[in-house]
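Open your viewer, set the chain to a cartoon, and keep the selection box handy. We will go from one stop to the next, with something to click on at each.

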Amino acid sequence: MPSVQVNDTTIHFQRCGRAGAPRLLLSHSLFFDLSMFDPLIGLLADSFEIVAYDHRGQGQSGRGGKLDMDNLARDAAGLIEALDFSPCLVAGNSMGGFVALRLAARYPHLVSGCIVMGSSADLEHKLADFAPLVEDLTRNGPAAHIDTLMHIMFGDRIFTDTDRQSLLAHW
């Protein structure tokens, strides 16, 4: 899949859907990558031109630079500009929702609408609690933390749902 140089890192993205249709940028959750939107893309590709991307430090995007919401919003703005993808709707889930809100507030000329899922306009909470985990993940990868991450990102019920085992296996 393609990537572009934005700010001080490389951003990996997928562009698909119907060219000329309304534009939709998808911003994923912390600890995930753009593939979290595969089912949604399958549902919306006939109606939208879609860009899903990996945030810096996640998926196939570059690992350098600070992983804060302001920097991630600058990356998203740079991606939109690099791809000449404005104006676009921005949909973000969890961490991606924080990014989407900052993008809409700080770069309104790039955004035609904002969809926030599993997130809020409040300041991020528990940053200090998550900092050691994020630092170790950045340094050493997810292997030592996979059980913790899975329980952070998925509710208890999904672990016993036989129809969801392939989803769990993917992550």
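Start by selecting Leu-25. Setting aside residues within four places in sequence, show what Leu-25 contacts: Val-51, Tyr-53, Ala-76, Leu-79, Ile-80, Phe-85, Cys-88, Leu-89, Val-90, Ala-91 and Leu-103. Please keep in mind throughout that this is a predicted model.

Now for the wider setting. Which residues of the largest nonpolar core touch the most other members? Colour Leu-25, Tyr-53, Leu-79 and Leu-103, and you have them; the core holds 24 residues in total. To see where this core comes from, highlight strands S1 (3-6), S2 (9-17), S4 (49-53) and S5 (88-93), together with helices H2 and H3 (95-106): each of these supplies at least two of its residues. H2 gives the largest share, six residues. Another core, of nine residues, lies apart from this one; among its members are Leu-24, Phe-37, Ile-41 and Ala-91.

Next, select Ile-80, which sits in helix H2. Is Ile-80 buried or exposed? Its relative accessibility is 1%, so Ile-80 counts as buried, the cut-off for that being under 20%. Show the surroundings of Ile-80 and, beyond four places in sequence, you will find Leu-25, Phe-85, Ser-86, Cys-88, Leu-103 and Leu-110 touching it. For a distance to try in the viewer, pick the C-alpha atoms of Ile-80 and His-55: they are 13 Å apart in space, and the two residues are 25 apart in sequence.

Stay in H2, which covers residues 69-82, and move to Asn-71. Asn-71 has a relative accessible area of 10% and is therefore buried. Turn on side chains here: that of Asn-71 reaches the backbone oxygen of Lys-66 at 2.8 Å. Outside its neighbours within four places in sequence, Asn-71 contacts Arg-56 and Lys-66.

For the last stop, select helix H4, residues 127-140. Does its length come out as expected, and what should it be? With 14 residues at 1.5 Å each, H4 should span 20 Å, and the C-alpha atoms at its ends are 19 Å apart, so the two agree. Within H4, click on Leu-133, Asp-136 and Leu-137, which are buried. Then bring up helix H5 (146-153), against which the buried residues of H4 pack. Finish on Gly-141, just after H4, where phi is positive at about 85°.

How values were computed: Residues numbered from 1 in each chain as written. Predicted model: local features only at pLDDT ≥ 70, side-chain atom pairs only at ≥ 80, totals over all residues. Heavy atoms only, no water. Helix = DSSP H or I, 4+ residues; strand = E, 2+ residues; numbered from the N terminus. Buried < 20%, exposed > 50% of the residue type's maximum accessible area, 1.4 Å probe, protein only. Polar contact = N/O pair within 3.5 Å; in protein donor to acceptor, adjacent residues only side chain to side chain. Contact = heavy atoms within 4.5 Å. Expected span 1.5 Å × (residues − 1). Core = buried A, V, L, I, M, F, W, Y, C linked by side-chain atoms within 4.5 Å.
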